[in-house]
Structures are given as structure tokens and as C-alpha cells.
Amino acid sequence: MRKTPESEVDEIAMPSRRSLLKAGVGLAAAPLVAGLASEAHAEQPGDSGESGPFSVRAHGVTSAGSRVGPLRIERRALGRHDVLLDVLYCGVCHSDIHIARGDWRPPHYPCVPGHEVVGRIAAVGSAVTKFKVGDIGGVGCMVDSCGTCESCAADREQNCLQGATFTYDSNDRVTDGTTYGGYSEKMVVTERFVIRIPPGVDLAATAPLLCAGITTFSPQQHWRLAPGQRLGVVGLGGLGHMAVKLGVARKSEVTVFTTSPGKVSDAARLGAREAVLWSDAAAMKRLAGRFDLLISTVPVAYPMQPFMDLLKLDATLVNVGALGQLEGLNGMALGFGRKSLAGSMIGGIAETQEVIDYCAARNIKADVELVRPDQIDRAWERVRAKDVRYRFVLDLTHETKERT
Ligand code: NAP
Ligand code: ZN
């Protein structure tokens, strides 16, 4: 595991001694500091001219069943290549719920989710070239990777052969501790993994592009979705509504497949040509063999063969949703149609910058509903109940203002 040598820790990252954990207590012991939310505020790097990790306010869970509550976590000292972000907005992704609730594997607690982060750069390490203080930066699902394997060399850090470092509940390559996400007032991230946010964009509505946007843009790029081609989007939630907007932007004909009758009119407003209920057997039959690409954003396994039947010869269903065991595929039907089932995981850093710039140039943004930190639990409940239109975004601007 790569550790930051002393020389890599920047003079600029200087939190006061008061904010340091006791000598010898590293990030791995950060759970020990959870729950100390009554402290007035975090120490600001640069406060005192001393170097070291520092404590910040965050919102997270301390067990699979606990409510989302305030706690304190430790951020690493600002390294030469790091930037310090004051978090302004953070989108609420369904993955936040899966991970915090242990749907995929037991996470490290406390778990502070959030990987659709937009913030203002508050400090930069001495070797940082991409940002200056006051710029707006974005952080998506990754904060580091090995940087040398063939995937990283091909700008596919998400497929890093050593495993990318994810923004939260991942092993921090620098400290060997656990990463914490954007449900927090400040983050320290190496500049290579910070996305430039163009001036003038709606910051809250841009945050979801850092996960929901890139995750649905990347397959449309990879499978070369062309104007006039038919795209089917299965599941109209955070990812699904971005898949529709991005598909419409490239002039494909988009059809939404939803389980929610109440979303049919929304699909038209988002630019879809048609919205079909899964239960509409006649429509499913009428549309058989007509799609060039399907993107499935459904968070749980479901019988996929009825959707594979919608594909043309040689076409692909890209599953970005359910990440466990998949269900209900028929080998014979796949073979006769030479159809493919593929998976796709977010996108690389260069491609994430590309989708941010692409959306800024076309005024494409997420449909968002802002929530305060004390409303996260309720927002999670509504996401699970398919009742989000179409991304909750945590508004942390008040916390940041309180600090200044
Ligand atoms: P979301 O906002 O909750 O949207 C999911 C949509 O799926 C729902 O709105 C719903 O749309 C549909 N759905 C159908 N059956 C459902 C069920 N039993 N429970 C819940 N929803 C159901 O979630 P999201 O944030 O878009 O994320 C979708 C999935 O993608 C999650 O599993 C997430 O972990 C995963 N994800 C993957 C990547 C990746 O890189 N591969 C990145 C981000 C997220 P209708 O009402 O239209 O049926
Ligand atoms: Zn996400």
C-alpha cells in the first residue's frame, strides 16, 4: 500500500493540533471519533501552520440499521497533489443506500456515503496545476487508482486492475484507512480525480452527472448509440432519467420501460418517444426485436429475458443496475438473436470530464429535489419506494456558510 512520504504532505495543509487525533491514532481508527457532532466546527487546514489530518462534520450511518446522523470524520492532510473542497452539493445515489445498508457486503462503519460531489476549492497543494482556490470541482465515484495498469493507462480507472479507490467505503491508498464520501463539509482529493465544473452551470443539478450522468453516458458512447437508433431505458429513477436525457440529446429514439404508471407522463416530458409499463404484454410484443441498445438501471434482479427479446440481432442490453446475481436469461433466445448482455461501471475520469462538458454545452442537467442533512433518511426511503423525481441532492451550502 502506497503511503504518503512526509515530503508529499504539503505545508499548506495545516490543521490545528486540537483537531488531530491522539498520537498514533490513524484514519483506520476514525470510527472512534464518530458521534462527536456536538463540537462546534471542524478545524480548517491552514488555521495554525501545523500539518496533519483534521476533523470535519459529516452525515452517515454507524450500523446497517441506524439512521443517518451527524458524526465527525477525519480527512487526511493535504498532500502536494491534493485539493481541499468545501462541499456544496452531493447527489443521493441508490448505491449510497446499497452500500450503507450492507446490501452488497458489510461496509466499514461509520459509513459516510456520497459520490456526486460538487464543491469549492478551498486550498490546493503546492504541486496542483489544474485548480486554484475558488474554482469549482466535482468528485464522482472514484478518488484514486493504481495509475499504471493497462486500464488506468487507457483512461479506464474504474476498471483498474488493482481496484480503483472508491469515494467512500474503500481503502484509501494514501492513508490505508477508509474513504468517506461527500455527505460531509470537506473532502481532500488528489487533483487527478477532481473534475472541472464549467462556470455558469447549475451546481446542484450538475452534481448527479458525476455518477448518474457518466454511468449512462459511458455505455451510449461505448456502444456508439447513433442518431435515429432505438434506445430503451429500463427503470426511470436517477440513472434512468439521465439515460433518457442523454439519449435524446444524441437524437436517438428513446423508450422508457417503467413499473410506475405515474411516470409515463414524465417520460414524455423528458423527451422519450414512448413509455411502456412492464405489465403491458401487448406493447412488449409489439416492440420485440426493435432496439439497438437497452440500458437497465433497475437496482434489483428481475427476469431479463422479456427485455432481451426487445433487442435487434446483435444488439446489447447493458446492465448498470442490479449488481448481484442476475436472473431469467434464455441461452437459446440469446443465441438465435446473437444478443449480448453486458455490464458497465461508471466511466473513467476523462470520460467523466467529457460528460460534464457535454452537458454544460447543451444545458443538460438532472431533475433534482434539494434535501437538508436531517432529511436524508426520508429521501432514502423515497428512493427505495421508487418515489424520486429524479435525484435528491443534499444541500450543504448552509454548513459551508456557517463556517465562513
Ligand atoms: P433509483 O433512482 O432508485 O432508480 C431505480 C429505478 O428502477 C426506480 O426508480 C424504478 O423505476 C426502477 N425499479 C424497478 N423495480 C424496482 C425495485 N424493485 N426497487 C426499486 N426500483 C425499481 O436508483 P439509481 O440511483 O438510478 O440507481 C439504480 C441502480 O444502479 C442501483 O442499483 C445503483 O446501485 C446502480 N448504480 C450502478 C452504477 C454503475 O456504475 N454500474 C452507478 C450508479 C448506480 P420505475 O419506477 O420506472 O420502474
Ligand atoms: Zn452512484
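This report covers the sheet, a buried strand residue, a zinc site, helix 11 and the salt bridges of a predicted model.

## The six-stranded sheet

Six strands build an open sheet. Their order is 12-11-10-13-14-15, and they pair in parallel. Strand 12 (274-277) and strand 15 (340-343) form the edges. Each has a single partner strand, so one side of each lacks a neighbour in the sheet. From one strand to the next, the twist averages 20°.

Strand 13 (residues 291-296) and strand 14 (residues 311-319) are parallel partners, joined over five bridges. Opposite serine 296 stands asparagine 319 of strand 14. Helices pack here too. Helix 4 (residues 212-222) crosses strand 10 (230-234), strand 13 and strand 14. Its direction is at about 155° to strand 13. Helix 5 (residues 238-249) also packs on the sheet, where it touches strand 10 and strand 11 (253-258). The angle between the directions of helix 5 and strand 10 is about 170°.

## Glycine 137

Strand 5 (residues 136-139) contains glycine 137. The relative accessibility of glycine 137 is 0%, so this residue counts as buried. Leaving aside residues up to four places away in sequence, glycine 137 touches Leu85, Val117, Val118, Gly119, Ile121, Phe131, Val194, Ile195 and Ile197. Take Val117 from that list. Valine 117 is 20 residues from glycine 137 along the chain, and their C-alpha atoms are 8.2 Å apart.

## The zinc site

Three protein donors surround the zinc ion (ligand 2): Cys93 through SG, His115 through NE2 and Cys211 through SG. They lie 2.0 to 2.2 Å from the ion. The sequence spacing of the donor residues is C-x21-H-x95-C. Cysteine 93 sits in the loop between strand 3 and helix 1, and histidine 115 in the loop between helix 1 and strand 4 (117-124). The pair therefore ties together parts that are 22 residues apart in sequence.

Both of these loop residues are buried. Cysteine 93 has 3% relative accessibility. For histidine 115 the value is 6%.

## Helix 11

Helix 11 spans residues 376-384. Its buried residues are Ile376, Asp377, Ala379, Trp380 and Val383. These cover an arc of only 160° around the axis, so they fall on the same side of helix 11. They pack against strand 1 (54-60), strand 3 (82-92), helix 1 (94-100), strand 16 (368-371) and strand 17 (391-395). Just after the helix comes lysine 386, with a positive phi of about 65°.

Aspartate 377 also forms a salt bridge with arginine 101 (3.7 Å, N to O). Aspartate 377 belongs to helix 11 and arginine 101 to the loop between helix 1 and strand 4, so the bridge ties together parts that are 276 residues apart in sequence. Both residues are buried.

## Other salt bridges

The whole structure holds 26 salt bridges. One of them joins the side chains of aspartate 202 and lysine 365 (3.8 Å, N to O). Aspartate 202 is in the loop between strand 9 (195-196) and helix 3 (203-206). Lysine 365 is in the loop between helix 10 (349-362) and strand 16, so this pair ties together parts that are 163 residues apart in sequence. Aspartate 202 is partly exposed, with a relative accessible area of 35%. Lysine 365 also counts as partly exposed, at 31% relative accessibility.

Aspartate 367 and arginine 269 meet in another salt bridge (3.1 Å, N to O). Aspartate 367 lies in the loop between helix 10 and strand 16, and arginine 269 in helix 6 (residues 264-269). The parts tied together here are 98 residues apart in sequence. Aspartate 367 is buried, with a relative accessible area of 18%, whereas arginine 269 is exposed at 52% relative accessibility. Both belong to a network of salt bridges that share partners. Its members are Lys245, Asp266, Arg269, Asp367, Glu369, Arg382, Asp387 and Arg389.

Key
Residues numbered from 1 in each chain as written. Chains lettered and ligands numbered in written order. Predicted model: local features only at pLDDT ≥ 70, side-chain atom pairs only at ≥ 80, totals over all residues. Heavy atoms only, no water. Buried < 20%, exposed > 50% of the residue type's maximum accessible area, 1.4 Å probe, protein only. Helix = DSSP H or I, 4+ residues; strand = E, 2+ residues; numbered from the N terminus. Arc of directions from axis to C-beta. Contact = heavy atoms within 4.5 Å. Pairing = 2+ DSSP bridges. Axes fitted to C-alpha atoms, helices over the stretch in contact; angles between N-to-C directions. Donors = N, O, S within 2.8 Å, 3.2 Å for Na, K, Ca; no water. Salt bridge = Lys/Arg side-chain N within 4 Å of Asp/Glu carboxyl O.
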